[in-house]
Amino acid sequence: MNTTNSLIASADWFPLVLSLKVAAVATLLALIAGVALGWVFARKRFPGRMVLEAVFMLPLVLPPTVIGYAILVAAGRHSPLGSWLREHFDYSIIFSWHGAVVASAVVALPLVLKSASAAFAGVDRSLEAAASTLRQSPLSVFLRVTLPLAWPGILAGTLLAFARAMGEFGASLMVAGSIPQQTQTLSMAIYDAVQAGHDDLALLLVVVTSLLSVTVLVLSNRFFSLR
């Protein structure tokens, strides 16, 4: 018991704080994009819709290293976007916690998108039509009728996205690296602890990560049951 207390007291909790921050920002970005795309894919019909939706769902099936490489190609220091950011703002997402946010948001987006699309598809269109007859604008109908009815499903998907962002490793490692006190998240700290032979620390971090994940999954299941 004393050994456990000593380990907890001496452990560096920066990776936990950073993981929560990265996951929160990444989930917010995924929520905004996922709700918008989910509504489009649920309500609009246009040529290439299924192909486009499949492209946005790719992070669910592609290896994380592929996602990380794609981000490096798109926003790395030698890419057009990366060079522009570096030249005009002296900024780069590479080897910064912002890079971990981008990687986590990309892999979490499909979970929000799919949940939002299913939630919007399940909304009773007659209720929206009734609201429209009351001189409500399309935006007002969306905010007052559509979104509240779809919200339980969207929130369930958002919680899953948060859990996914918390556990992101491969893509984040390629983009942000594992720099102690800068970009080292929980998953990276566990990997580094195992590599260094610090099994007790690795076990502690695994337990913390598992408890957080179980809590999020329980909440997600609860909101799925409300749909």
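Which residue forms a salt bridge with Lys114? In this predicted model, the partner is Glu53, with the closest N and O atoms 3.5 Å apart. Lys114 sits in helix H6 (residues 97-121) and Glu53 in helix H3, so the pair ties together parts that are 61 residues apart in sequence. Burial is uneven across the pair: Lys114 is partly exposed at 46% relative accessible area, while Glu53, at 11%, counts as buried.

Glu53 has another partner to look at. It also forms a salt bridge with Arg49, where the closest N and O atoms are 3.8 Å apart. Here both residues belong to helix H3 (residues 49-57), four residues apart, or about one turn of the helix. Arg49 is buried, just as Glu53 is.

Now for the rest of the charged pairs. The whole structure has five salt bridges. One of them links Glu168 and Arg164, with the closest N and O atoms at 3.2 Å. Glu168 is buried, with a relative accessible area of 3%, whereas Arg164 is partly exposed at 28%. Elsewhere, Arg43, Arg125 and Glu128 are joined into one network by salt bridges that share partners.

Zooming out, the protein has eleven helices and zero strands, and its C-alpha trace spans about 65 × 50 × 30 Å along the principal axes. Of the 227 residues, 42% are buried. If you take contacts with a separation of 6 or more, 72% of them come from residues 24 or more positions apart. As for annotation, an unreviewed UniProt entry lists residues 16-220 as "domain: ABC transmembrane type-1"; that span is 78% helix, and its end C-alpha atoms lie 21 Å apart.

How values were computed. Residues numbered from 1 in each chain as written. Predicted model: local features only at pLDDT ≥ 70, side-chain atom pairs only at ≥ 80, totals over all residues. Heavy atoms only, no water. Helix = DSSP H or I, 4+ residues; strand = E, 2+ residues; numbered from the N terminus. Buried < 20%, exposed > 50% of the residue type's maximum accessible area, 1.4 Å probe, protein only. Contact = heavy atoms within 4.5 Å. UniProt positions renumbered as here; feature names shortened; annotations may be inferred. Salt bridge = Lys/Arg side-chain N within 4 Å of Asp/Glu carboxyl O.
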